Amino acid sequence: MASSQVQSFFLFSTLVFLSLSSLSSSQPTSFRPKALVLPITKDASTLQYLTQIKQRTPLVSIDVVVDLGGQFLWVDCEQGYISSTYKPARCGSAQCSLASKSPTCGTCFSPPRPGCNNNTCGLFPGNTITHTSTSGELASDVVSVQSTDGSNPGADVTVKQFIFNCAPTSLLEGLAKGAKGMAGFGREKIGLPWQFSAAFSFPRKFAMCLSSGKGVMFFGDGPYVLQPEKEISSSLQYTPLLINPVSTAGAFSQGEKSVEYFIGVKSIRIDEKEVPVNKNLLSITTDGVGGTKISTVNPYTVMETSIYKAVVDAFTKEAAARNISRVASVAPFGACFSRKNVLSTRLGAAVPTIELVLQNEKTIWRIFGANSIVQVSDDVLCLGIVDGGANPRTSIVLGGYQLENNLLQFDIARSRLGFSSLLFGRQTTCSNFDFTTKA
């Protein structure tokens, strides 16, 4: 029995090595980038974040929704997917083993086309906006992306066999107009960060800088330079990334761990005063419930009801001490305030500061007015946090609005998160990466 397990382990290891090697060997030896860069834009209608990748032969630019905790890239293959380099992943292939511990093997009863081939591996792409999943064919194709020196984009580089999942057009429902799929940045071996690091042999880390306008995503190590010549990576604070022992995907096999990014919040403070919350909710249980995760598909931070009420009560009390009065709620927010007596500062509205205390009293994620307050009208400001109900799977989900203009570095290899705090304090923003390519 032990011998059989050893043989199985070495067979799987060999398959993984061969698959990752095929990614790496597809690159020209004359130029190996140290990092890659993608632009991120925010859709004003859906509040989703999108990036654009070039895929297929000939190359086609496609918009995909950024899903920080997503497992992999999935795209619509039913409408207009034409490529001479599309390759379905055959059952039993190295790509199949890399993508799933228990892959399905499918048969398609229509003429062969991208997304419909016999004897191919299947996965379950999920739309994390609408919380729906379906089955889809695993495949590979060419993907091209810009290199960077950290300050500007450089030459385009190509991964010839980038693994992704085909999905039916119906899975696009709820996504921003024009989006053709979702790009998963989770810690999965076929997620974008793992595949890019394998292809170009750079560190398994990426950095994300969201904005209400144009943001930026880096793959690989710093520098991360934002104008006017502000290098951000040297001033990051770090906190461990935690692993939820139970998958949070829409479809998963028993025993799978979550590939989403969780951090350990020990306590919450408002203007340095601790908020009384049930701290058991801040930990992840063995059943995968509780804790704090970071999300790009939630437009605003979501909190379990008792935590939400405690934070709102404490915030309202500190706001009243500043002569800021509460007014009627404006959906989806529960706590709104009169703009009267609220001053504007470099860090946004002058309101109480929310502090997430992490592994110790020196490691604090501070949420200032620019990330906590949403202006819903000329006269009304709302606290950009929503009530997540009494029994959510995750107690706190840090949403996109709270992440904007904060540079976050996800170091997968070392399982840690680097965070900059609000960049306004350094007189720059996430919109300030220079996307001008220098000759």
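This briefing walks through one small sheet and the helix that packs on it. The model is predicted, so local features need pLDDT of at least 70 and side-chain atom pairs count only at pLDDT 80 or more, while totals for chains, interfaces and linings use all residues. Residues are numbered from 1 along each chain as its sequence is written, and side-chain values use heavy atoms, leaving out hydrogens and water.

**The sheet**
- Four strands make an open sheet in the order β23-β24-β30-β29, with antiparallel pairing; strands (E, at least two residues) and helices (H or I, at least four) are DSSP runs numbered from the N terminus.
- Strands β23 (326–327) and β29 are the edges, each pairing on one side only; two strands pair if DSSP finds at least two bridges between them.
- Helix α4 (residues 305–320) packs on the sheet and touches β23, β24, β29 and β30, where contact means heavy atoms within 4.5 Å.
- The direction of α4 makes about 10 degrees with that of β24; axes are lines fitted to C-alpha atoms, for helices over the stretch in contact, and angles run from 0 to 180 degrees between N-to-C directions.

**How the strands are joined**
- Two bridges link β23 to β24, and R326 has F337 as its bridge partner in β24.
- Three bridges link β24 (residues 336–338) to β30, where C336 is partnered with C382.
- Three bridges also link β29 (residues 373–375) to β30, and V374 has C382 as its bridge partner there.
- A hairpin runs from β29 to β30 through four residues.

**A look along β30**
- In a regular strand, side chains alternate between the two faces of the sheet.
- In β30 (residues 380–383), V380 and C382 point one way, and L381 and L383 the other.
- All of these residues are buried, meaning under 20% relative accessible area with a 1.4 Å probe and protein chains only (exposed is over 50%, partly exposed in between).
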